[in-house]
Amino acid sequence: MKVLLISLIFITFLAPAQQADVAVNKEILRIAFGSCSKQDQPESQLWAEVNKTNPDLWVWLGDNIYGDTEDMDVMKAKYDQQKSHTGYKTLLSRSSVIGIWDDHDFGVNDGGAEYPMKDQSRDLLFDFLNVDKNNPARKRQGAYQSYTYNNSQGNIKVILLDARYFRDSLKWENPGTDDKIALKNETGDILGETQWKWLENQLSDNEIDLFILASGIQVIPEEHRWEKWSNFPMAKERLLNTIKKIDTPLIIISGDRHLSEVSKLDLEGYDYPLYELTSSSLNSPSTISEENNRFRLKNKIHERNFATMTIIWIAGKPSIQLKYIGKGGKSLASHQIQFN
Ligand SMILES: [Fe+2]
C-alpha cells in the first residue's frame, strides 16, 4: 500500500501536462492581432500596415476567412485566396503566425457543435496556419492550441480557445432578421469537458509570467445582442473562476465584433485587473451604433484595424503598450496596461 501511494505521488509529480503544445525559444516583444478578414477584398487588407509594426507574432482571432460553407473545396479555395495576398505572404516570412477560428471560418454563421464538417474544416484551418504535423493539437478534436514563448525576461503562453467545435446550441429572438438577439443558454457550455480540463492544466503552468487567452467571441461584455460568453452564463462563470485560481497576469484577446474596444473587469479574488482587448475587423468594420458596455475603457473603434501589444518587462512583471492601428498606419487608440 505504501509503495503504491509513493508511486502515485511520483507519477503526479512527473506529469508534464501543463506544458504548452509547442514551446518556442523566441523573444516576443511585440504581438499583433486582428480578426474578421474578407479574403476576397485584397485592396482593403491591412497587411502592409501590420508588417510596418514588425510584430514578432501575429495572432488570428477568428473569421480569418468568410468560409460559410459545408463544401471543403470552397473552404480551401478561400483559405488559398487569403494566403495569396502579397502582404500576408510577407508577414508569414517575417513573423510567427498562430490563430484560432470563429464562426465564419468554422463554417457557419453563429455555429456550434452541430456543424457537420467541423473535423474537415479544422484540418483546413490548421493547414492554413501551417500547424506542424507533430503539434498535439492535430491529434485532438477541436482547434484549441497553446504556445509558450521563452523570453529572456519573462515567459509568455498564448492559449487559443476553441469556442465553436464543442459549443452547445444558441437560440435567438427574431432569428434570421436584422433585429436578432442572442438569448441565454442557462445551462449550456462552450468549451466541452476535455478542453476545460486542458485549459485548467495549461493555466497551472507556474513557469509563465504572462498568459494571453484568445477567444473569437467576447468574454467580458454583457450588454450587446450578439454572440458572447455571457450567453452561456455557466461557462462564463467557470472561465472567470478558472482565471481566479492563477496568480499570474492574464490578458484576454478577442475578435468577431466588427468593432474594437478595451474592456476591464475587476474580478474579485484575482490579483490583477482583467483586461479584454477586442480587435475587429481587418477590412470590414461595422457602422457606428449605440452599444453599451459598462466595462469599456475610452471609446469603441469603427474603422478597419488591427492591434499591437508591445511588452516591456519591469521587475519581472509585464507592462503593455496597446495600440489600435488603421489604414495608412493611423493610430486609432492607445492604452497602457500595467500589472505591478
Ligand atoms: Fe464571428
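**Figure 1. An open sheet of six strands in the predicted model.** The order of the strands across the sheet is β4-β3-β2-β14-β15-β16, and their pairing is mixed. At the edges lie β4 (96-99) and β16 (331-338), each of which pairs on one side only. On average, and with direction ignored, neighbouring strands of this sheet are turned by 20 degrees against each other. Strands of a sheet pair through backbone hydrogen bonds, and this pairing is either parallel or antiparallel.

**Figure 2. The pairing of β15 with β16.** Strand β15, which comprises residues 317-325, runs antiparallel to β16 and is joined to β16 by seven bridges. Within β16, S331 is the bridge partner of I325.

**Figure 3. The coordination of the iron ion.** The iron ion is coordinated by the OD atoms of D63, D102, D103 and D256, at 2.0 to 2.3 Å. Because the four donor atoms subtend angles of 88 to 146 degrees around the iron ion, the arrangement is irregular; a tetrahedral assignment would require all angles to lie between 85 and 135 degrees.

**Figure 4. The iron donors along the chain.** In sequence, the donors of the iron ion follow the spacing D-x38-D-D-x152-D. D63 is located in the loop between β3 (57-60) and α3 (72-84), whereas D102 is located in the loop between β4 and α5 (103-106); the pair therefore ties together parts that are 39 residues apart in sequence.

**Figure 5. The burial of D63 and D102.** D63 has a relative accessibility of 1% and therefore counts as buried, since buried means under 20% relative accessible area. D102 is also buried, with a relative accessible area of 1%.

Note on methods. Residues are numbered from 1 along each chain as its sequence is written. This is a predicted model: local features need pLDDT of at least 70, side-chain atom pairs count only at pLDDT 80 or more; totals for chains, interfaces and linings use all residues. Side-chain values use heavy atoms; hydrogens and water are left out. Two strands pair if DSSP finds at least two bridges between them. Helices (H or I, at least four residues) and strands (E, at least two) are DSSP runs, numbered from the N terminus. Axes are lines fitted to C-alpha atoms, for helices over the stretch in contact, and angles run from 0 to 180 degrees between N-to-C directions. Donors are N, O and S atoms within 2.8 Å of the metal (3.2 Å for Na, K and Ca); water is not among the atoms, so sites may look incomplete. Four donors count as tetrahedral if all angles lie between 85 and 135 degrees; four count as square planar and six as octahedral if opposite donors are over 155 degrees apart and all others between 65 and 115; anything else is irregular. Buried means under 20% relative accessible area, exposed over 50%, partly exposed in between (1.4 Å probe, protein chains only).
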